[in-house]
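Q: Please take a close look at a single part of this structure. Keep the sentences short and give the cut-offs.

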Amino acid sequence: MSGDLGPTSAAPHPREIEPGSGVRIVVEYCEPCGFEATYLELASAVKEQYPGIEIESRLGGTGAFEIEINGQLVFSKLENGGFPYEKDLIEAIRRASNGEPLEKITNSRPPCIIL
């Protein structure tokens with residue numbers, strides 16, 4: 001006897017799912033307004049927290065910085081007048097990854113104003 005026990009019935013290890021997998025974010029922003037840097041900063045922070053997330057950018061109209069999560073508008077600079085706080089967006093992504101209902105982000109930091 002070689003000691004071979006034949007095929008084992010152990011189940012394969014489940015594939016580890018990256019945080020944020022299955023969540024899709026679309027950010028529409030005004031490039032001539034200089035909002036690309038804000039988008040890149042926000043996208044970097046989100047990817048750091050949720051490496052499996054899908055983020056897409058689109059060029060938008062004047063003054064736009066709109067964020068959709070899985071097709072639902074969760075933030076609008078046109079409505080709020082400022083940019084979202086990273087912590088609020090991260091919380092919305094957490095809720096989306098857990099299948100919880102999304103709420104609109106109403107807190108915003110004011111855009112940079114040069115005096």
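A: What follows is a walk around one strand, β3, and its surroundings.

The model is predicted; local features need pLDDT of at least 70, side-chain atom pairs count only at pLDDT 80 or more, and totals for chains, interfaces and linings use all residues. Residues are numbered from 1 along each chain as its sequence is written, and side-chain values use heavy atoms, without hydrogens or water.

First, the setting. Three helices and four strands make up the protein chain (DSSP runs numbered from the N terminus: helices are H or I with at least four residues, strands are E with at least two). Their pattern along the sequence is β-α-β-β-β-α-α. Of the 115 residues, 32% are buried (under 20% relative accessible area with a 1.4 Å probe, protein chains only; exposed is over 50%, partly exposed in between).

Now the strand. β3 covers residues 65-69. Four of its five residues are buried. β3 has an antiparallel partner in β1, with five bridges joining the two (strands pair if DSSP finds at least two bridges between them). Within that pairing, Phe-65 of β3 is the bridge partner of Tyr-29.

β4, residues 72-76, is also antiparallel to β3, over four bridges. Here Ile-69 faces Gln-72 of β4. The two strands form a hairpin with two residues between them. Asn-70, in that turn, has a positive phi of about 50 degrees.

Next, the loop ahead of β3. Gly-60 sits there, between β2 (54-59) and β3. Buried or exposed: which describes Gly-60? Neither, because its relative accessible area is 22%, so Gly-60 counts as partly exposed. Gly-60 touches Glu-28, Tyr-29 and Cys-30, leaving out residues up to four places away in sequence (a contact means heavy atoms within 4.5 Å). Its C-alpha lies 7.5 Å from that of Glu-31, 29 residues apart along the chain. Tyr-29 thus links two parts of this account: Gly-60 touches Tyr-29, and Phe-65 is its bridge partner.

Across the chain, residues 24 or more positions apart account for 69% of the contacts with a separation of 6 or more.
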